[in-house]
Amino acid sequence: MPPVPPQAPRGPADPLRAVAVGLLNLSGLGLGYLLTRRWAAFVVALVGTGVFLAVALPADPDGVSGGALVAYLVFLALTAAHGALRGLRTRLSFPPQTPVALLMGLVLLAVPAGAVVYYQGAKDDATQAMLLDRLDKADKLVQAAKSKPFTAAKADYSSALGSYDDLDSKHHDSKAGKKVPDRLHTFYTAVGAPFDDKQYCDAIEPLKYLRTVPDQIDHKALGDLTTWPDDKLATSLYECGMTELTSPSADSGSDAASDGGKLGELLTDFPTSPQAAKVEPAIRANIDATAKGVTGSDPCGTVDKLRTLGADATSLPGDKAGISDALTADGTRVDGYVETGMYNCGVSQYKSGSFDDALETINDFTAKYPHDKNRAFAQKLAIAAEIATKVPAAGKKLPTNASGGSISVTFTNDSPDAVEILYTGKTTGSFTLKGCSGCTRYMSDSLAKSLACKDTGKHYAKHTLHLPAGTSYIMQKPIGDDDSTTPIANADSFRSGYIYTECAYVLESYSF
């Protein structure tokens, strides 16, 4: 075995040297042990510092844990105290003068101080990198959400907005925080993209969402973005509202009738906007354009559209925009177009053979518009339509305004009930025969044919018509509350040189 080297001779106590050794160990490099030839302690000092560096590096935003930092500081204090104790009576291998060693210790204290400064800088860089990464993730959320429908993208937008708010409010001076205002411009543009694509109905909800952003983000960061959505939202409400008005769906139509739909929202939320001022003229123009259809191929559909337009106009909250009277006038003036449209609708239904519909439409028309110039002809049309519901051939042609003829036809009522006689053909009209006070209903048709209208002792109600030769369609329609009697209609041919009679009677279960 090689000989063990002799230990350094112990000298007299030197407090200054002890301080110098302790200061040298505070550098974390164990130099005090190195100069006093304490090799094992020197290795322990280096290992302790190495372990601490492995824990602390690389620097992250959270820094070194408090436990690790305290443990290392205690470790340095122990090495300094232990080194000072050993250096009290142990001579230094270098330098020979204690004051020089003391100066070296003081100078080497700059090592841990510099390490602290470096670490703080590295920690700040890590924090900046973390914040920039957070900003980048928020940016990617916005870009990904831009390609989705707003309902599916809203959660991503809100998440990104939360990140921007956090960066602006808590890290305003960071590199990422200073970029937030520019990112918010991109954010607004992404959310409002449907407006730029002229998808006005789709743009409404995103723009409403953007109007809530100032409640979450400092106005300083937003700048002029605070009012950025307003004009765009007003435009979207107007354009979408006009689409609802010209092409109403089942849902939008019911919505418009209840609260004015998108146009009502525009007049409520932006009553003084240029878009609100366009509503009444646009509705008026739309009514006039739609009204052209009352003389077209689909007057019935046009009437329905006009009624919807009138209801929509009168339901709009125009008082807030100062146009309530004009909108009410628009709703009222629709009725003039509807009047013409209802008449044309009834004629169209009659011509197409929809006699039940035509009868209902014409009866509504004559009841609602008693002073219309077409009312007299409409009444004839209603007579012809009612007869045609029983004998469709009666409705092959429109009735005429002709009256009278050369053939006498006398109608007699052998019934306790009043009877209305309707006739159409070359002439159209109606009249009523009073009931016969001494008459009763017959038990059978054969009995009625043998006895009806032949009792000379009864005072039958009679009425004589003069009809043209040819075919006329005649309906006998009992008047009363008894639903067991139903009208009947027949086609009768009349020839010159004959006198005709018609007898009305009622059976117990049905009428003739």
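**Notebook: confidence, helix H16 and Lys449**

I began with confidence in this predicted model: the protein chain averages a pLDDT (the predictor's confidence in each residue, from 0 to 100) of 80, and 70% of the residues score at least 70. Over residues 250-258 the pLDDT is below 50, and beyond near neighbours in sequence this stretch has 9 contacts (heavy atoms within 4.5 Å) in the model. Where pLDDT is low, the predicted coordinates should not be read in detail.

I noted that residues are numbered from 1 along each chain as its sequence is written. I also noted that local features need pLDDT of at least 70, that side-chain atom pairs count only at pLDDT 80 or more, that totals for chains, interfaces and linings use all residues, and that side-chain values use heavy atoms, with hydrogens and water left out.

I then looked up H16, residues 279-291, taking helices as DSSP runs (H or I, at least four residues) numbered from the N terminus. H16 has 13 residues and reaches 18 Å from its first C-alpha to its last, close to the 18 Å expected at 1.5 Å a residue, where the expected span is 1.5 Å times one less than the number of residues.

Which residues of H16 are buried (under 20% relative accessible area, 1.4 Å probe, protein chains only)? I found Val279, Glu280, Ala282, Ile283, Asn286, Ile287, Thr290 and Ala291. They cover an arc of only 165 degrees around the axis, which puts them on the same side of H16; the arc is that of the directions from the helix axis to the C-beta atoms. What covers them includes helices H12, H14, H15, H17 and H18.

Last, I turned to Lys449 in helix H21 (residues 445-451), which counts as exposed (over 50%) at 56% relative accessibility. Not counting residues up to four places away in sequence, Lys449 touches Lys454 and Tyr505; the C-alpha atoms of Lys449 and Tyr505, 56 residues apart along the chain, are separated by 9.1 Å.

How values were computed:
Helices (H or I, at least four residues) and strands (E, at least two) are DSSP runs, numbered from the N terminus.
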